[in-house]
Amino acid sequence: MSSGDWLLQEICNLWIQFLKVGGKIFKMGPFIWVFSFILAATLLSHRCFSLTEDGLTLLEIKSTLNDTKDVLSNWNPSDESPCKWTGISCHPEDSRVSSINLPFMQLGGIISPSIGKLSRLQRLALHQNGLHGYIPNELANCSELRALYLRANYLQGGIPSNVGNLSYLTIL
């Protein structure tokens with residue numbers, strides 16, 4: 001359990017003890033109940049029901065795609081992690097996104113500049129789709145990128161020159 005999780009658990013335990021003082025948990029006024037509910041919802045919703053930053057980034061990327069076959073239908077914002085979403089793999093030690101593997105999915109749209117927020121991304125496979133536009137410069141922020149598959153799309157322009165700075169990139 002991380003220190004943040006431990007602290008949240010302790011705060012919740014203290015609040016429950018406060019509510020139980022004197023055995024009057026069911027005799028509290030409406031104000032205390034409303035306040036208790038708001039506090040609990042605020043504390044718990046952030047830690048228990050929020051999607052990871054990488055998951056939020058993937059939803060940003062999804063918003064720029066045209067998914068006519070609904071292959072990304074299980075990309076659910078209410079999930080805690082994107083690691084079981086279609087085409088997504090994660091690093092086991094920290095659940096950060098390591099791979100986006102969505103070839104032959106008939107996806108249209110553009111590659112979002114948000115892709116650069118996935119700093120632990122190692123593989124991006126979007127080949128054989130209907131993507132258009134430019135390859136975003138922000139791709140160079142994916143410092144662990146090893147493989148980039150974008151062939152057979154309708155992309156314009158070349159590969160951004162700063163992608164050449166990706167020292168692990170061996171498959172292009």
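This passage describes the sheets, the helix packing, the disulfide and the aromatic pair of a predicted model.

Two open sheets are described in turn. In one of them, four strands follow the order β1-β4-β6-β8, and the pairing is mixed. Its edge strands are β1, covering residues 65-67, and β8, covering residues 154-156, each of which pairs on one side only. From one strand to the next, the twist averages 25°. Within this sheet, strand β4 (residues 107-109) runs parallel to β6, with two bridges between the two strands. One bridge partnership here involves Gly108, whose partner in β6 is Gly130. Strand β6, which spans residues 130-134, also pairs with β8 in the parallel sense, in this case over three bridges. Gly133 has Leu155 of β8 as its bridge partner, while Tyr134 is matched in β8 by Gln156. In general, the strands of a sheet pair through backbone hydrogen bonds, in either a parallel or an antiparallel arrangement.

The other open sheet is likewise built from four strands, in the order β2-β3-β5-β7, with mixed pairing. Strands β2 (88-90) and β7 (147-149) stand at its edges; each has a single partner strand, so one side of each is left without a neighbour in the sheet. The twist in this sheet averages 15° from one strand to the next. Strand β3, formed by residues 97-101, and strand β5, formed by residues 123-125, are joined in the parallel sense by three bridges. In this pairing, Ile100 is placed opposite Leu124 of β5.

Helix α3 comprises residues 53-62, and its buried residues are Asp54, Gly55, Thr57, Leu58, Leu59 and Ile61. These buried residues pack against β1, β2 and β3. The helix thus has packing partners that include β1, an edge strand of one sheet, and β2, an edge strand of the other. As a general point, an α-helix has 3.6 residues a turn, so residues three or four places apart point the same way.

Ahead of this helix, Ser50 is located in the loop between α2 (30-48) and α3. Ser50 is partly exposed, because its relative accessibility is 31%. The C-alpha atom of Ser50 lies 8.2 Å from that of Pro77, although 27 residues separate the two along the chain.

An unreviewed UniProt entry annotates residues 52-90 as "domain: Leucine-rich repeat-containing N-terminal plant-type". Over residues 52-90, helix accounts for 26% of the chain and strand for 15%, and the C-alpha atoms at the two ends are 12 Å apart.

One disulfide is found in the structure. The bond links Cys83 to Cys90, with a distance of 2.2 Å from S to S. The link between Cys83 and Cys90 is left-handed, with an angle of -100° about the S-S bond. The two cysteines fall into separate accessibility classes: Cys83 has a relative accessibility of 23% and therefore counts as partly exposed, whereas Cys90, at 18%, counts as buried, the limit for burial being under 20%. Another cysteine, Cys142, has a relative accessibility of 0% and therefore also counts as buried.

A search of the whole structure identifies one aromatic pair. The ring centres of Trp75 and Trp85 are 5.4 Å apart and the ring planes meet at 20°, so the pair is classed as stacked. Both Trp75 and Trp85 lie in the loop between β1 and β2, so the pair ties together parts that are ten residues apart in sequence. Trp75 is buried, because its relative accessible area is 3%. Trp85 is buried as well, with a relative accessible area of 3%.

Methods
Residues are numbered from 1 along each chain as its sequence is written. This is a predicted model: local features need pLDDT of at least 70, side-chain atom pairs count only at pLDDT 80 or more; totals for chains, interfaces and linings use all residues. Side-chain values use heavy atoms; hydrogens and water are left out. Two strands pair if DSSP finds at least two bridges between them. Axes are lines fitted to C-alpha atoms, for helices over the stretch in contact, and angles run from 0 to 180 degrees between N-to-C directions. A disulfide is a pair of cysteine sulfur atoms within 2.5 Å. Buried means under 20% relative accessible area, exposed over 50%, partly exposed in between (1.4 Å probe, protein chains only). Contact means heavy atoms within 4.5 Å. UniProt positions are given in the numbering used here, feature names are shortened, and annotations may be inferred rather than shown by experiment. Rings of Phe, Tyr and Trp (its six-membered ring) pair if their centres lie within 6.5 Å; planes under 30 degrees apart count as stacked, over 60 as edge-to-face and the rest as tilted.
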